[in-house]
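Work through the two exercises below with the sequence and the model at hand. Each task is followed by a solution in steps.

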Amino acid sequence: MPALHWPGKQLNFPPAASLHLESVIAQGGEAPPTPNRLIWADNLPLMVHLLAEYEGKIDLIYADPPFFTDRTYAARIGHGEDSRRPQTWKLAEGYADEWKDLDEYLDFLYPRLVLMYRLLAPHGTLYLHLDWHANAYARVLLDEIFGSERFLNEIIWVYHGPSAIRRAFKRKHDTILVYVKGEKYTFNADAVRQPYHPSTYKTFASSPKAGFGKVPDLKRGKVPEDWWYFPVVARLHRERSGYPTQKPQALLERILLASSNAGDLVADFFCGSGTTAVAAARLGRRFLVADASWRAVHVTRMRLLREGTAFTLERQDSFSAPVRPLPAEWLSITDGQLHLRAPFLVDFWEVDDQWDGEIFRSRHQALRSRIQEQAPLSLPLTGNGSLCVRAVSRTGECYEFTGRADSPRPVPF
Ligand SMILES: C[S@@+](CC[C@H](N)C(=O)[O-])C[C@H]1O[C@@H](n2cnc3c(N)ncnc32)[C@H](O)[C@@H]1O
C-alpha cells in the first residue's frame with residue numbers, strides 16, 4: 001500500500017493536558033451534572049488526556065482544522081457582524097493557518113488524526129473537512145490510519161461566492177473525507193432523505209416505465225448524492241457569529257443525522273464558532289468540543305447559551321485569560337435584580353448567586369444578541385447571598401467580582 005512520507009514523519013504525543021474546570025453553565029437555576037463539554041485547549045495534549053476516559057467511545061468526530069491556506073483569519077466583533085455594515089464591527093484575533101512548509105502542517109495533522117481514530121467507537125465515523133490545499137495528503141494519511149477499505153465518502157460541499165481568481169476556474173468547493181472505524185457503522189439513510197429533483201417527478205408522472213423497471217419511491221425521497229449544496233454562512237445572516245470560516249448549521253445537521261443517533265457522543269476538536277455543538281444540542285446528541293482560541297470558545301459559549309443547553313466549560317491549565325477585578329461600584333441591587341453598569345459595552349455577563357467559593361455554577365446569564373449593541377444589564381438574584389459575577393467586554397476583556405449580595409450594593413469579600 002503506498003503511504004505518505006516526509007522528513008521527520010513520526011508519531012510523537014505530548015504529555016496529557018491537565019484540565020481546569022472553569023464553570024458549569026445552566027440557564028436560570030441549578031446546574032445539573034452535564035455530559036456536554038466545551039474545552040479551551042490545544043487539542044493534541046487534550047486528546048492524549050481524553051484517551052483515559054473516551055478511548056473507543058466517541059460515536060462521531062467532525063474535524064475542520066486549518067486548511068493549509070497560509071493565511072490568518074480575523075474575527076468580527078461588534079453588533080450585527082454583518083459584512084454589509086462594516087462600521088458596526090471591529091476586527092479581533094481569530095486563528096492562524098500559517099506554516100513553515102507542508103512538512104510542518106503534516107506534523108500537525110498526522111498525530112491528531114491518529115488520536116481521533118483511537119477515540120472513535122468501533123462503529124464510529126470521522127468527517128475530515130478540508131479543501132484543495134491539503135485534502136490529497138490527508139486522504140493518503142487516512143488510508144494509512146483507518147485502512148483504505150474504511151473509506152466511506154468524499155463529500156464535495158459546493159457553494160457560491162466572489163473570487164479574485166481570473167486565470168483559473170473559481171475554487172468553490174470543499175472536500176469532506178469520511179472514514180468509518182469498523183465494518184458496522186451508523187448510517188441513517190432515512191434521516192437525511194431529500195425530495196427528488198422536480199424533473200424526476202415529471203418524468204415518472206408522464207411514464208411509470210421511465211426508469212427501465214426501477215421506480216423511485218417519490219414520496220420517501222432519495223438519499224443525497226456525495227455532493228452537497230449549502231450556501232456559505234456569509235449569506236445566512238441569522239446564524240453568522242463573526243468567527244471566521246464558520247460552517248453552515250445545515251451542513252453539520254446532515255452529518256449528525258446521518259452518522260449519529262440521539263444520545264450519541266459527538267466530538268469536534270477544532271470547534272471554532274461551535275457549529276457542531278449547536279447542531280448536537282438541537283438534535284439531542286451529547287457533545288465534546290474544543291478549540292485553542294479563546295474567542296472561538298467565547299463565541300461557542302454564547303451560541304450554546306442561546307440554545308438553552310447545559311454544559312461545562314473547561315480550560316487547559318496552561319491557558320488563562322487575564323481576569324481583572326470587577327469593582328463593586330459597577331453593581332447594584334434592586335427588587336431581587338442585579339444590575340451592571342460598566343464603562344464599556346458588555347458582550348456577556350453571568351452570575352453564580354450561590355457561589356461556594358470553588359466551582360462557578362453559572363446560574364443566570366445575559367448575552368448580547370446579534371443585533372444588540374450590548375447585553376441586557378439586569379439579571380435575577382435568587383441565591384443565598386454569596387456572589388460571583390463574571391463579565392466579558394465586547395472587545396474580550398474579562399472581569400470578576402466576588403462578594404455578598406447586600407442591598408443596595410454587593411460587598412466584596
Ligand atoms: C476552520 S476553523 C473551524 C470552524 C468551525 N467548524 C466553525 O463552524 O466555526 C479551525 C479552528 O481550529 C482551531 N485550532 C487550530 N489549531 C488548534 C489546536 N491545536 N487545538 C485546538 N484548536 C485548534 C482554530 O482556532 C480554529 O477555530
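The exercises cover a sheet and a ligand site.

The model is predicted: local features need pLDDT of at least 70, side-chain atom pairs count only at pLDDT 80 or more, and totals for chains, interfaces and linings use all residues. Residues are numbered from 1 along each chain as its sequence is written, and side-chain values use heavy atoms, with hydrogens and water left out.

**Exercise 1.** Give the strand order of the open three-stranded sheet and identify its edge strands.

Step 1. Strands are DSSP runs of E of at least two residues, numbered from the N terminus, and two strands pair if DSSP finds at least two bridges between them.

Step 2. The order is S14-S15-S19, with antiparallel pairing. S14 (331–334) and S19 (378–380) each pair on one side only and are the edge strands. From one strand to the next, the twist averages 25° (axes are lines fitted to C-alpha atoms; angles run from 0 to 180 degrees between N-to-C directions).

Step 3. Four bridges join S14 to S15 (residues 337–340); Leu331 has Leu340 in S15 as its bridge partner.

**Exercise 2.** Describe the shell and the polar contacts of the ligand.

Step 1. The ligand has 22 residues around it (a heavy atom within 4 Å), and Asp64, Tyr243, Ser273, Thr275 and Asp291 come nearest.

Step 2. The shell divides into ten nonpolar, seven polar and five charged residues; Tyr counts as nonpolar and Asp as charged.

Step 3. Polar contacts are pairs of N or O atoms within 3.5 Å. A ligand nitrogen lies 2.9 Å from a polar backbone atom of Asn43. A ligand oxygen lies 2.6 Å from a side-chain N or O atom of Ser273, and an oxygen of the ligand is 2.6 Å from one of Asp291.

Step 4. Alone, the ligand exposes 600 Å², of which the protein buries 95% (Shrake-Rupley method, 1.4 Å probe).

Definitions and conventions. A polar contact is a pair of N or O atoms within 3.5 Å; within protein, one must be able to donate a hydrogen and the other to accept it, and residues adjacent in sequence count only if both atoms are side-chain atoms.
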